[in-house]
Amino acid sequence: MAEARTVIAQHPEWYHSIELATGVVTPGRAPLAFWQEELRALQLPNLAGKSVLDVGAYDGFFSFATEQLGASRVVALDHYAWSSDMAAYMREWRECQKTGRHLPAPHRTTHWRPDDLPGKAPFDAARACLGSAVESVTSDFMAARASIIGSFDLVLFLGVLYHVEDPLGAIRRMREFTAPGGTCIIETEAMEIPGTGSRALCEFFPFDELNGDDSNWWAPNEAALVGLCRAAGFSAVRVLPERQPLSAARRLGKQMKSVAAAVPFSPVPRRYRLIVHATA
């Protein structure tokens, strides 16, 4: 317990809330219960003896969680969060919130330090404190190769898709990492435009329109994400039940089958979180 408290004292800035010892939790940007619910919402398969790749691992909550659920090999892959001095960046970000000044994404600031990986320190400290065997790979996932790091029974691609400039290329890379018969779980910001039926659409953000973050680029609708997965070579795609109140647009879409004439077209997208299981 003393070691866990020391880790938190030495690393005050965390994205994930991780229980390092009984009752000692890192100060993430949401309570531990939030991350535990996020984990449950993924509807993970039985991981006993399975291999897992966590793309965009950040502080490692999902990496450590899948290890604790019985995975025999877990690889945490990241480079963006690990290359950023997130402690300094977040201090400046909070000041900007007070003054109204715009702060660019980390890689466009002086907080971008890929040579010494300051953002990886919390992950490394948590790994040591937990006695974890999770492996770490520092790489842009678009540059990583399955021939080097392997293919996996489960690939987690959580909260990353909307940050990439080439969404089809990204999902193709996830297909490469997913072993035959394995599953890739994709969680992403999504949108629906009432009145567009089953058309596959993506919303593009040229600047910082999504959450004030200019590292966000795309939000697909459900049909587009399913189509991207099929185009990338996944054999089957299962859309998980909605779990966010912002998904009211999807309920509206179902109603439109019977009352389409009464619902006017609206170009304003309604955003929500979308999770799919793509089977290789």
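**Entry 1: overall make-up**

I counted secondary structure first: the chain has 10 helices and 11 strands. I then checked the radius of gyration, which is 19 Å. The globule rule gives 19 Å for 280 residues, so the chain is as compact as a globular protein of that length. I keep in mind that this is a predicted model.

I took the box along the principal axes next. The C-alpha atoms fill roughly 65 × 50 × 35 Å. Of the 280 residues, 49% are buried.

I looked at contacts between residues at least 6 apart in sequence. Of these, 69% join residues at least 24 apart.

**Entry 2: surface and charge**

I computed an accessible surface of about 13100 Å² for the chain. Carbon and sulfur atoms account for 54% of that area.

I tallied the charged side chains as well. There are 28 positive and 31 negative ones. The centres of the two sets lie 6 Å apart.

**Entry 3: helix H3**

I turned to H3, which spans residues 61-68. How many of its eight residues are buried? I found six, and I note the helix as mostly covered. The buried ones are Phe61, Phe62, Ser63, Phe64, Ala65 and Thr66.

What do these buried residues pack against? I listed two helices, H2 (32-41) and H6 (121-130). I also listed three strands: S3 (51-55), S4 (73-78) and S6 (152-158).

I checked what follows the helix. Glycine 70 comes after H3, and its phi is positive, near 110°.

**Entry 4: strand S4**

S4 is one of the strands that the buried residues of H3 pack against, so I looked at its burial. Five of the six residues of S4 are buried, so the strand is largely enclosed by the rest of the structure.

I then asked how S3 and S4 run relative to each other, parallel or antiparallel. They run parallel, and five bridges join them. I picked out one residue of S3 to follow across. Valine 52 has valine 74 in S4 as its bridge partner.

**Entry 5: threonine 188**

I moved on to strand S7, residues 178-192, where threonine 188 is found. Is threonine 188 buried or exposed? Its relative accessibility is 0%, so I count threonine 188 as buried.

I listed its contacts, leaving aside neighbours within four places in sequence. Threonine 188 touches Leu161 and Tyr162. Pro220 and Leu225 are also in contact with threonine 188. Tyr272, Arg273 and Leu274 complete the list.

Definitions and conventions: Residues are numbered from 1 along each chain as its sequence is written. This is a predicted model: local features need pLDDT of at least 70, side-chain atom pairs count only at pLDDT 80 or more; totals for chains, interfaces and linings use all residues. Side-chain values use heavy atoms; hydrogens and water are left out. Buried means under 20% relative accessible area, exposed over 50%, partly exposed in between (1.4 Å probe, protein chains only). Helices (H or I, at least four residues) and strands (E, at least two) are DSSP runs, numbered from the N terminus. Contact means heavy atoms within 4.5 Å. The radius of gyration is taken over C-alpha atoms; the globule rule is 2.2 Å times the number of residues to the power 0.38. Accessible areas come from the Shrake-Rupley method with a 1.4 Å probe; for residues, only the protein chains shown count as cover. Lys and Arg count as positive and Asp and Glu as negative; His and the chain ends are not counted. The place of a charge is taken as NZ of Lys, CZ of Arg, CG of Asp or CD of Glu. Two strands pair if DSSP finds at least two bridges between them.
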